[in-house]
Amino acid sequence: IRRGVEFLLKTQNKDGSWGSARRTKELNIFAPVPGAHHAFRMGTTALAISALIEVGGNDPKVNEAIDRCDKWLAIHLPQLRRAEMTAVYNTWGHAYGIQALVRLHGRTQEPVKRKQYTDLIVAQIDMLDRYEFVNGGWAYYDFDQHTQKPGGSPVSFTTATVMIAFHEAKQIGVEIPDRLIKRAQASILRQRLPDFSYAYGEYLRLAP
């Protein structure tokens, strides 16, 4: 864990974020610019700051890194959108962003700061409402209709990721629309197999 914290401190970008497209291991990944990269960076950054808050302790360098990232999140998280009609990578940024904000909320007792975090969380929930798939749940691709509200197949683990974020937000008093929860639960249950493993996405539920 100490080595992990040291790695995060070492690799944080100057602007307070984490992640880049500079070291891809020569892998070709569908990433329409610039939106896909914004989404990947947001997801990576949210996971990194969550980790530092959880295990970084009271090291001044850790606190400084968290504060820099806090400012970056406040600016860039509200700007996160779908890259284009197929790539809905922003779902990851909204979900992990909520989890990061919950941890930032728990790090302070200042009412003004806490309200800023909860307001940002509510805005991310609204974005997840917009990008919820038509039959409930979430995914990161929409290969089918390319509609304003994605019409493709939700996937089990993306939906579960959002549900975990919702649960954490609920613990600090943020209200989650009940219909989003019920529709997401129904989607996950449709993908559950008799042995309690799960299909990758709803498109496989009849041919697992």
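1. The largest pocket has a lining of 29 residues. Nearest its centre lie Ser 20, His 37, His 38, Phe 40 and Arg 41. Three elements give two or more residues to this lining: helix H2 (35-55), helix H3 (60-76) and helix H4 (90-106). H2 provides the largest share, with 10 residues. Please read all of this as a description of a predicted model.

2. Next, volume and character. The largest pocket holds about 670 Å³ of space. Sorted by class, its lining has 14 nonpolar residues, 10 polar ones and five charged ones.

3. The second largest pocket holds about 330 Å³. Its lining consists of Phe 7, Leu 8, Thr 11, Asn 13, Trp 18, Gly 19, Ser 20, Arg 22, Arg 23, Thr 44 and Ala 48. Ser 20 thus appears in this list and also among the residues nearest the centre of the largest pocket.

4. Which helices supply at least two residues each to the lining of the second largest pocket? They are helix H1 (2-11) and H2. The largest share comes from H1, with three residues. The class count here is four nonpolar, five polar and two charged.

5. Now H3. The helix has 17 residues, which at 1.5 Å a residue should span 24 Å. Its end C-alpha atoms are 24 Å apart, so the model agrees with expectation. At the N-terminal end of H3, Asp 59 acts as a cap. A side-chain oxygen of Asp 59 lies 2.8 Å from the backbone nitrogen of Lys 61.

6. What do the buried residues of H3 pack against? Their partners are H1, H2, H4 and helix H5 (111-130). The buried set is Val 62, Ala 65, Ile 66, Cys 69, Asp 70, Trp 72 and Leu 73. Two of these residues, Ala 65 and Asp 70, are taken up below.

7. Ala 65 sits in H3. Its relative accessibility is 1%. Buried means under 20%, so Ala 65 counts as buried. Leaving aside neighbours within four places in sequence, Ala 65 is in contact with Leu 9, Gln 12 and Leu 52. Ala 65 and Leu 52 are 13 residues apart in sequence. In space, the C-alpha to C-alpha distance between Ala 65 and Leu 52 is 8.5 Å.

8. Asp 70 also belongs to H3. Is this residue buried or exposed? Asp 70 is buried, because its relative accessible area is 10% and the cut-off is under 20%. Its side chain makes a polar contact with the side chain of Tyr 117, at 2.6 Å. Neighbours within four places in sequence aside, Asp 70 is in contact with Ile 49, Leu 104, Lys 113 and Tyr 117.

9. Tyr 117 leads on to H5, where it is one of the buried residues. The others are Thr 118, Leu 120, Ile 121, Gln 124, Ile 125, Met 127, Leu 128 and Asp 129. These buried residues of H5 pack against H3, H4, helix H6 (156-171) and helix H7 (178-190). The packing is listed from both sides: H5 is a partner of the buried residues of H3, and H3 is a partner of those of H5.

10. Last, the span of H5. The helix has 20 residues. From first C-alpha to last, H5 reaches 29 Å. That is close to the 28 Å expected at 1.5 Å a residue.

Technical notes: Residues are numbered from 1 along each chain as its sequence is written. This is a predicted model: local features need pLDDT of at least 70, side-chain atom pairs count only at pLDDT 80 or more; totals for chains, interfaces and linings use all residues. Side-chain values use heavy atoms; hydrogens and water are left out. On a 1 Å grid over the protein atoms alone, a cavity is a set of points where a 1.4 Å probe fits but cannot get out, and a pocket is an open set with protein on both sides within 12 Å along at least five of seven lines; lining residues have an atom within 4 Å of a point. Grid points are joined across faces, edges and corners, and a volume is the space filled by probe spheres set on the points. Helices (H or I, at least four residues) and strands (E, at least two) are DSSP runs, numbered from the N terminus. Ala, Val, Leu, Ile, Met, Phe, Trp, Tyr, Cys and Pro count as nonpolar, Asp, Glu, Lys and Arg as charged, and the others, Gly among them, as polar. The expected span of a helix is 1.5 Å times one less than its number of residues. Buried means under 20% relative accessible area, exposed over 50%, partly exposed in between (1.4 Å probe, protein chains only). Contact means heavy atoms within 4.5 Å. A polar contact is a pair of N or O atoms within 3.5 Å; within protein, one must be able to donate a hydrogen and the other to accept it, and residues adjacent in sequence count only if both atoms are side-chain atoms.
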